[in-house]
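Here's a walk through a two-chain model. Have the picture open and follow along.

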Amino acid sequence: MKKKALDPEKRAERVSWALVTPLTLVLGFFLLLPIATIVSVSFWSYNEWSFYPDFNLDNYMFHLTSAVTWATYLKTLKFVVITWIFCAAIGFSVAYFLAFHVQSLPAQIALFLVCTIPFWTSNIIRMISWIPFLGRNGIANSMLQSLGITDEPLDWLLYSDFAVVLAFVHLYALFMVVPIFNTMMRIDKSLIEAARDAGASGLQILTNVIIPLTKPGIMIGSIFVVTLVMGDVITVRHMSGGQSASVGRIISNEISLLQYPAAAASSVVLLCTVLLMIGIMMRFVNIRKEL
Amino acid sequence: MTEKLDTKGLSRRSVLKGGAAAAGAAIGSGAITGFPTIWAQNIKDITLRQFGTGVSNLNEVGKKVKEDLGFTLEMTALDSDSVTQRAATQPKSFDIADIEYWICKKVWGAGNLQAMDTSKIKNYDKIVGTFKSGKLTPESTIAQGTAPHTVGFTEGPESKTFSETETGWMTLIPTIYNADTLGIRPDLIGRPIDSWAELLNPEFKGKASILDISSIGIMDMAMVVEAMGEYKYPDKGNMTREEIDLTMAIFTEAKKNGQFRAFWKSFDESVNLMASGEVVIQSMWSPAITAVKSKGIPCVYQPLKEGYRSWGGGLGLSANLSGLELEAAYEYINWYLSGWVGGFLMRQGYYSAVPETSKEFMDANEWGYWFEGKEATDVIKNPFGDAMAQAGEVRDGGSFYDRMGAVACWNAVMDENQYMVRKWNEFIAA
């Protein structure tokens with residue numbers, strides 16, 4: 001017996017449901033459910049050795065009124081801003097060089113792959129390897145001293161804000177390079193020629209043509225950098241020698257002290273902060289439209 | 001694992017067969033280990049899961065258990081925070097908890113551990129006094145902090161409160177302990193160091209470090225504050241809010257003045273800080289000193305006139321253990337105290353709860369160096385074959401009684417623990 005064929009409209013509807021279901025399930029199970037759990041646990045109470053269902057706002061009250069939280073957010077934001085400035089400058093320059101100065105496609109691809117070589121090792125190793133380099137008796141200091149630039153080792157190279165930012169920029173600059181390079185490659189070269197024909201100087205072409213057209217790439221890279229730095233736990237601890245706090249460390253401290261509800265509340269606050277920051281960034285560029 | 005699987009389908013026949021084989025094996029090894037044969041038949045099928053800090057969770061111990069006792073001991077090594085978490089929140093994930101006494105104070109109330117009947121512990125009488133009456137020798141004074149005997153006994157098998165005196169029900173059977181002090185780089189300091197106060201001496205500005213584990217770090221801080229003459233604590237192990245504030249204020253000021261190079265959280269960080277010369281004086285643990293020394297870099301575990309900050313660990317039984325498994329756990333604990341493990345750990349610089357049984361498992365040179373504080377007559381090696389000391393060297397701090405007799409305080413959890421932790425976080429963020 002032959003099955004009656006579905007009418008095409010219904011069929012199309014079913015297909016789209018079928019196509020959308022796996023992703024919905026995956027996101028629901030691995031993203032929404034955990035977030036919902038964290039949000040609900042953030043209202044629970046806890047003592048030294050256990051935590052139990054409850055509805056109280058103490059976790060939030062304590063977190064939001066603590067001077068440590070504010071100081072830490074301020075410090076983390078400072079890291080975000082400085083890291084972002086360096087990553088954007090480096091990312092833009094590298095992408096610009098790759099997209100506009102290197103003429104042949106194979107060379108572009110080859111150089112682009114060279115950029116990714118550091119990513120063949122884990123980012124913890126890349127971060128830790130700065131420690132012997134920057135140390136008091138490290139390569140950087142012995143080089144500076146043998147060149148006669150300094151007389152004694154510079155202590156601020158390691159276990160300082162400088163070291164933290166350096167590691168962040170090193171770890172995350174590529175996240176800027178990739179999306180910016182990607183959008184730059186899509187720029188129609190004739191636009192640049194047209195601008196030149198119309199008498200624009202190099203700087204004008206950069207500010208009036210290239211930067212506006214690469215804005216979506218810059219924004220995507222910025223989102224990467226901002227979220228990664230905001231959520232960092234390890235880099236700040238290792239590069240500051242444990243002397244500097246970050247929001248991620250507050251949370252990991254609370255977890256290690258069995259204060260799961262407090263950690264959940266801190267996480268929710270961090271999540272909201274990051275979403276807010278991304279929301280603000282999205283106001284500048286409509287990524288969907290630009291892509 | 002295959003042995004475990006075999007017993008899954010329990011038919012009468014397979015039990016008989018397996019039992020016969022196990023009994024055969026037990027007869028073969030029974031002469032040495034002397035088990036009650038009733039349960040020796042099934043002992044091979046038992047797996048005990050132990051977790052604890054890396055200090056004593058060594059695969060060598062698991063291997064030796066299999067050899068001597070016949071059952072399987074699975075070990076998981078974690079850091080002290082994770083150990084606390086697991087003991088408090090995941091009672092079904094372990095059979096034996098290898099924890100420190102201050103952790104015991106924290107998690108006993110959760111009811112995940114059961115007290116042990118000391119009449120079943122063969123070497124109970126030989127356990128060092130520190131863990132029973134609190135006194136190492138009858139003349140000793142009891143140090144401040146969470147001294148092991150204060151959380152070592154409980155009223156009965158189900159009790160959740162601690163008893164100050166020996167009741168016959170022990171919370172943890174003590175296994176290893178040591179006396180901690182500051183580690184220094186004598187070659188970079190170039191003068192004698194004899195006080196905890198030196199940690200905040202401006203001479204070492206930017207070259208000092210302290211550990212970032214609040215419950216231990218606060219004790220080191222207290223030792224320093226007292227040594228500086230700033231304040232004398234009635235009980236360093238149980239500070240009031242004002243005392244915590246005062247202690248933190250002194251250290252926050254030092255931090256802002258750049259006294260500290262870094263704070264360390266894990267063992268290897270402390271080793272690297274010291275070995276690289278970033279730090280010349282810091283709180284340190286005994287095996288870390290050895291690790292620095294083994295790189296050929298001079299490092300001393302400096303005895304200080306104010307005394308040591310001590311810690312102790314022990315084995316606790318999961319509340320879920322019963323029947324044969326519980327018997328096996330007791331057998332394991334008796335074996336633990338019977339000397340082999342003690343010797344193994346003492347050759348790494350720790351102390352055993354029953355030193356006299358460990359003596360049989362160490363040669364005279366080792367015993368003299370590690371326990372009696374005598375000059376080594378030959379190279380001292382750790383159980384892994386690395387040289388720890390050369391002939392003629394003496395252990396930092398001297399003999400067992402010199403070191404453990406000079407304990408000023410024990411690692412502790414305070415009544416104001418939560419407040420202290422908040423203040424500690426402020427200190428780190430300052």
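## A helix and its neighbours

Start in chain B, where the buried residues of α5(B) pack against β1 (47-53), β2 (72-78), β3 (96-100) and α6 (101-107). Helices (H or I, at least four residues) and strands (E, at least two) are DSSP runs, numbered from the N terminus. Which residues of helix α5 (residues 80-89) of chain B are buried? They're B:Ser80, B:Val83, B:Thr84, B:Arg86, B:Ala87 and B:Ala88. "Buried" means that 20 or more other C-beta atoms, placed from the backbone, lie within 10 Å of the residue's own. An α-helix has 3.6 residues a turn, so residues three or four places apart point the same way.

This is a predicted model: local features need pLDDT of at least 70, side-chain atom pairs count only at pLDDT 80 or more, and totals for chains, interfaces and linings use all residues. Residues are numbered from 1 along each chain as its sequence is written, while chains are lettered from A and ligands numbered from 1 in the order in which they are written.

## Chain B as a whole

Zooming out, chain B has 17 helices and 19 strands. Its radius of gyration (taken over C-alpha atoms) is 23 Å, close to the 22 Å that the globule rule gives for 430 residues, so chain B is as compact as a globular protein of that length. That rule is 2.2 Å times the number of residues to the power 0.38. The C-alpha trace spans about 75 × 50 × 40 Å along its principal axes, and 48% of the 430 residues count as buried.

An automatic or database assignment splits chain B into domain 1 (2-178 + 311-359) and domain 2 (180-307 + 406-429). Where they meet, 14 residues of domain 1 are in contact (C-beta atoms, placed from the backbone, within 7 Å) with 17 residues of domain 2. On the domain 1 side, α6(B) gives the most, with 3 residues.

## Where the chains meet

The contact between the chains takes 21 residues from chain A and 24 residues from chain B. On the chain A side, α3 (67-101) and α12 (247-256) each give two or more residues.

## Two spans of chain A

UniProt's unreviewed entry annotates "transmembrane region" over several stretches of chain A, including these two; such annotations may be inferred rather than shown by experiment.

| Span of chain A | Helix | Strand | End C-alpha distance |
|---|---|---|---|
| 111-133 | 70% | 0% | 26 Å |
| 156-181 | 81% | 0% | 34 Å |

Conventions: Two residues are in contact if their C-beta atoms, placed from the backbone, lie within 7 Å. A residue is buried if 20 or more other C-beta atoms lie within 10 Å of its own, exposed if 12 or fewer, and partly exposed in between; C-beta atoms are placed from the backbone.
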